[in-house]
Amino acid sequence: MCRLSPGMAALASLVQRLEVAVSRLEAVSGGGGGGGSAGGSTGGSGVVAAYVEAYDAIITGSVGQYMTLSQQIGGDVQKHADMMKQAFSCQRQLLVTASGSQKPSDASLTALLTPVSKVIQQVQTFREQNRSSPLFNHLSAISESVPALGWVAMAPKPGPYVKEMQDAAQFYTNRVLKDYKEKDQKHVDWVKAYLSIWTELQNYIKQHHTTGLAWSKGGPVASAAHPAGVAPPPPGPPPPPMDFSGSSGGGGDQGPDTRNALFASLNKGADITKGLKHVPKDQMTHKNPNLRTQTGPVCTGPKPFSSPKTEATAAPSRTLPPVLELDGKKWKVENQEGVQGMVISDTELKQVVYAFKCNNSTLQIKGKINSITLDNCKKLGLVFDDVVGIVEVINCRDVKVQVLGKVPTISINKTDGCHVYLSKDSLECEIVSAKSSEMNVLVPGNDGDYTEIPVPEQFKTVWDGKKLVTTCTEIAG
């Protein structure tokens with residue numbers, strides 16, 4: 001048998017590798033795009049882009065583990081996970097489209113993003129509709145962080161945006177760990193699997209989409225009506241671009257020209273007023289009351305810009321009825337407007353109080369209870385005796401909290417304006433804050449007067465060679 005020369009041997013090896021690659025591509029293109037994690041094609045060629053394959057690795061890895069653990073937990077967590085699976089599937093289809101198409105116009109891009117946006121809204125709505133769920137912290141962790149899937153519309157730094165959403169989830173995942181760390185390991189593993197999704201997604205973005213979603217430089221311009229690969233039925237067409245010129249005719253896309261004209265006018269500075277028409281005194285409505293009673297318009301010309309009114313926006317906003325009741329072990333205080341002197345007195349140690357959307361009101365809680373939560377409240381005054389667990393202030397504004405007895409922990413999250421009045425028995429209380437501002441703690445003195453101390457909002461972080469060291473900073477003046 002003759003011996004191949006080195007050149008012929010290399011050629012034979014190359015042919016063998018090509019045959020293997022072709023076999024793999026045929027298998028991928030024949031498998032379709034089922035489940036959002038398997039094959040799928042780019043532009044109908046059967047070739048899966050490298051960054052789509054890398055995204056598939058996240059879906060089969062951390063997302064798959066999260067789905068498995070969610071099924072084991074069951075209930076609302078499993079329902080939420082099914083929605084998240086759909087969200088990742090929709091985003092994968094968008095990546096397939098982007099890998100074989102050029103970036104479209106803003107209007108078309110909005111239409112392409114619609115499937116993901118709808119699922120994000122479904123995830124967040126499900127959480128709001130299930131506030132009484134025993135797995136509410138799980139639902140909140142998902143709901144607060146699912147907007148991270150909007151990274152495809154973020155530029156030039158989509159990675160840090162995902163990190164910000166992951167941090168929002170950790171407020172609730174920490175509560176899940178606190179509740180289940182000594183009870184059920186499945187929930188602990190669930191937290192780790194879910195957070196790892198966003199960690200891996202950040203690494204994925206850093207490698208493949210550092211400054212924004214990477215569109216193909218060739219191929220057709222992406223369209224929601226004809227996306228690359230196999231996709232679900234596309235959503236309806238987006239509304240036409242708003243015509244700022246005041247004309248009612250059609251024509252092409254005048255958006256850039258209109259914006260350029262606007263900026264050119266603004267750049268005139270003080271000269272912009274030279275184009276204004278002088279109005280005689282006899283046509284000034286504030287000096288001629290008779291002009292105000294005219295049935296016809298005083299002046300002609302294009303109408304001021306206003307958004308088109310739809311049936312949804314024209315309908316009056318629905319006002320929910322106020323609630324103050326005991327549901328099982330939970331006191332519900334909801335939708336209270338301008339109610340002063342609300343009192344909950346018949347309390348037990350196992351009961352919790354949940355106040356939601358209470359504005360310009362006061363609430364007093366007597367006795368010793370398990371926990372208190374203030375959610376989405378404005379200008380609410382809370383006074384309570386004793387809490388053995390935690391007092392939480394979430395998404396509130398200008399609230400005041402006063403403890404008369406003892407409380408071990410007060411948590412303030414996403415709140416602007418919070419005054420905490422401590423008692424002499426609660427001076428050892430821990431106050432944990434995140435994404436909040438204008439927080440003050442008032443400490444009682446021996447004479448009964450309070451000393452107001454602001455909670456730091458600005459921090460300085462430095463690398464000491466081994467770890468990050470964070471300290472509070474104060475700005476003089």
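Helices and strands here are DSSP runs, numbered from the N terminus. The model is predicted.

**Pocket**

Start with α6 (158–180). This helix gives eight residues to the lining of the largest pocket, the most from any element. The pocket has a volume of about 1000 Å³.

Next, select Asn137, Arg175, Asp179, Ser371 and Glu392, which lie nearest the pocket's centre among its 34 lining residues. By class, the lining holds 14 nonpolar, 13 polar and seven charged residues.

Then colour the other elements that supply two or more lining residues: the helix α5 (136–145) and the strands β4 (352–356), β6 (371–375), β8 (390–394), β10 (409–413) and β12 (430–434).

**Largest nonpolar core**

Keep α5 and α6 selected, and add α2 (50–73), α3 (75–100), α4 (106–128) and α7 (185–208); each of these six gives two or more residues to the largest nonpolar core. That core has 58 residues, and α3 gives the most, with 11.

Within it, show the side chains of Tyr66, Met84, Trp151, Tyr194, Trp198, Leu201 and Tyr204, the residues with the most contacts inside the core.

Centre the view on Trp198. Leaving aside residues up to four places away in sequence, what does tryptophan 198 touch? Its contacts are Met84, Phe88, Ser145, Val146, Ala148, Leu149, Val162 and Gln166.

**Second core**

Last, select Val353, Cys396, Val420 and Leu422. These four are among the 33 residues of another core, which lies apart from the largest one.

Key
Residues are numbered from 1 along each chain as its sequence is written. This is a predicted model: local features need pLDDT of at least 70, side-chain atom pairs count only at pLDDT 80 or more; totals for chains, interfaces and linings use all residues. Side-chain values use heavy atoms; hydrogens and water are left out. On a 1 Å grid over the protein atoms alone, a cavity is a set of points where a 1.4 Å probe fits but cannot get out, and a pocket is an open set with protein on both sides within 12 Å along at least five of seven lines; lining residues have an atom within 4 Å of a point. Grid points are joined across faces, edges and corners, and a volume is the space filled by probe spheres set on the points. Helices (H or I, at least four residues) and strands (E, at least two) are DSSP runs, numbered from the N terminus. Ala, Val, Leu, Ile, Met, Phe, Trp, Tyr, Cys and Pro count as nonpolar, Asp, Glu, Lys and Arg as charged, and the others, Gly among them, as polar. A nonpolar core is a set of buried Ala, Val, Leu, Ile, Met, Phe, Trp, Tyr and Cys residues joined through side-chain atoms within 4.5 Å. Buried means under 20% relative accessible area, exposed over 50%, partly exposed in between (1.4 Å probe, protein chains only). Contact means heavy atoms within 4.5 Å.
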